[in-house]
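Hello,

Here is the structure I promised to pass on. Please open it first; my notes follow below.

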Amino acid sequence: MGLVDRGRLPKPLTTLFNMGRSYSMWVYQWGLACCAIEMGAAFGSPRYDVMRLGVIPLPASPRQADLVVISGTVTDKMAPAIKRLYEQMPEPKYVISMGSCANCGGPYWDSYSVTKGVDQIIPVDVYVPGCPPRPEALLEGIVLLQQRIKNEDMGARWRGEGTVPMSAVDGESAERGGVPVVAG
Amino acid sequence: MTLIGDRQQLSYIAAQAADARVNVELETEGMTLNIGPQHPATHGTLRIIARLDGEQVVWAEPSAGYMHRGYEKLTEVRTFPQVTALVNRIDWLGSFANEVPFILAAEKLMGVEATPRAQHIRTILFELSRIANVSLFLGDLGVQLGAVTPVFFAFRDREYVLNLIEAATGGRFHPNFDRIGGLKDDLPAGFIDETRSVMKKLRNFCDEIENLLFGNEIFQSRTRGIGVIPKEVALQYGLSGANLRASGVDWDLRRDQKIAMAWDKADWKVITHPDGDSFARCWVRLQEVRESTRIVDQLLDTIPGGPVMVKVPKIIKVPEGEAWVSTENPLGEMGYYVVSKNDQGPFRVKIRSASFNNISIVPWLLKGVYVPDIITILASLYFILGDIDR
């Protein structure tokens, strides 16, 4: 992969890689609170079957995962553990913040023990609002993330510039640049 | 003299031999095993620290607090109607059941009582949330033992119950439907017929799980005789709910307590099991789902007419006083001690949640068990992390 190292990858090859990456995402799930059950319903139930979107839930460890779904309240006691496990994930890695608590603190916005938003610890790609969001909302978040991955410049990510859109194929996402997406 | 089967006798001898080996031949150095706070088998973020001697646990300690969200402090800065939105996130699988004791305590302080129709509908929704809660436990139990199939059945049938709760309350998970003096709304059209058909499906689900999981030989050998809690120890540690009933104590607040709910209008029985092992705890919960479907079916026939809300002032001020109300929630006894100082919000609320007391037995119970049984025992004790840490 010398091409990627130099930060120059032919566009057709990037497109091909991106398509492959977006349809084989291994999700490491952080079941923290109520949202974990809705995430379980989205990932583990026959009604919402997430595998049809090319997402593979339940890897054994964060070291095998591409995507982490932070679902539920992040407390100050839990935050170091979240950061540590996030750092164990191999690049390229993506984060979906699920539910009001992980987005901004939610109903516990004035609590002394709750971290007001997981984005204070780790970078977030997609926010899914709701308390808890329905499984369909999480699926929408995953679809939005897949669109973003398809349009991503791999060279830029390799150079450490974060999520940079490859071209203005999707006008909206190009405009947003590396700004997180909000589902719903 | 009791007859012991050959197989039982052999397994007993094998266990004795294994113990002897651990103690004499393999004088191992102690090892500390840390499970959690993030572990696929602990649903939620409980951390267990276990010190091992070979395969056996010699000391275990649960480390709670990874999900502590400060409910008791937050209730002091919320008004009474706002607290229900907060407390139904304590036990997130059976949310409606969390609101009821708090609202009953507030009603007790205000001296109002909900209308008979509201009491009836409350009881129906309470039992529906119990079914939603425990049916997921029955599926999750399989996952903890390495059998993934039951969880698909559980999620499939749980969706029907959630749809019912959503139809009535507007919330799939957190209904926030209970009001001081009654309920927010009446039941929607077609709810009763729909509920009847769903209860039939849930009874089929119970039969399925009983055949699929409880009849399974591997399941039985992993749970029978494992994690035995004798009656006296269960009472000493303050266990409640199905954990206590599985130890042979005939105790159920729904029957023993006189509160403004409609359980006494239905004919049902309290399920107990004399063994006190992991299997008994799981079995009692399965039977309780069956009983709950029966309660709902009977209450649907006898819903009285009338309004669902009594007259209460728009801005609720609760007079000075203290009240304690507890109910038999899906996980056990859940109660609220509410102190009011004639204000819009409570002065202090003490929450007695079932799981916190139920896992207090873990250090005692895990002593001497083998490592694979840790997960089975924790699964059968059945706790919700929000209920432990609050």
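In this predicted model, 33 residues of chain B are in contact with 34 residues of chain A. The area buried between the two chains is about 2700 Å². Carbon and sulfur atoms give 59% of that area. The size of an interface is often given in this way, as the accessible area lost when the parts come together.

The rule finds four salt bridges across the interface of chain B and chain A. One of them pairs A:D110 with B:R78. Their closest N and O atoms are 2.8 Å apart. Polar contacts between the chains come to 13 residue pairs, counting pairs with both residues at pLDDT 80 or more.

Which elements of chain B supply the side that touches chain A? Helices α2 (71-74) and α6 each supply at least two residues. α6(B) gives the most, with eight residues. By type, the residues on that side of chain B divide into 15 nonpolar, nine polar and nine charged.

Next, backbone geometry. Most residues other than glycine have a negative phi, and most peptide bonds are trans. Three places are worth a look against that background.

- A:C131 and A:P132 are joined by a cis peptide bond, with omega about -15°. A:P132 sits in the loop of chain A between β5 (126-128) and α6 (135-150).
- B:N176 is not a glycine, yet its phi is positive, about 50°. This residue is in the loop of chain B between α6 (149-169) and β4 (178-179). B:N176 is partly exposed, with a relative accessibility of 26%.
- B:Y382 is not a glycine either, and its phi is positive at about 60°. The loop that holds B:Y382 runs between α15 (371-381) and α16 (385-389) of chain B.

Is B:Y382 buried or exposed? It is buried, because its relative accessible area is 2% and the cut-off for buried is under 20%. B:N176, at 26%, counts as partly exposed.

Now B:D178. This residue is in strand β4 of chain B, the strand that follows the loop of B:N176. B:D178 has a relative accessible area of 1%, so it counts as buried. What does its side chain make a polar contact with? The partner is the side chain of B:R122, at 2.8 Å. Setting aside neighbours within four places in sequence, B:D178 is in contact with B:T84, B:F96, B:E99, B:V100, B:I103, B:R122 and B:L183. B:R122 is thus in both descriptions, as a polar partner and as a member of the contact list.

In chain A, look at helix α3 (residues 34-44). How many of its residues are buried? The count is 11 of 11. Among them are A:C34, A:C35, A:E38, A:M39 and A:F43. A:G40 and A:G44 are buried too, as are A:A36, A:I37, A:A41 and A:A42.

Last, the confidence figures. The model scores ipTM 0.79 and pTM 0.84. Chain B has a mean pLDDT of 85. In that chain, 94% of residues reach 70 or more.

If you want places to start, try the A:D110 and B:R78 salt bridge, the cis bond at A:C131 and A:P132, and the side-chain contact of B:D178 with B:R122.

Best wishes

Notes
Residues numbered from 1 in each chain as written. Chains lettered and ligands numbered in written order. Heavy atoms only, no water. Helix = DSSP H or I, 4+ residues; strand = E, 2+ residues; numbered from the N terminus. Buried < 20%, exposed > 50% of the residue type's maximum accessible area, 1.4 Å probe, protein only. Contact = heavy atoms within 4.5 Å. Buried area = accessible area lost by both parts, 1.4 Å probe. Salt bridge = Lys/Arg side-chain N within 4 Å of Asp/Glu carboxyl O. Polar contact = N/O pair within 3.5 Å; in protein donor to acceptor, adjacent residues only side chain to side chain. Nonpolar A, V, L, I, M, F, W, Y, C, P; charged D, E, K, R; others polar. pLDDT = per-residue confidence, 0-100.
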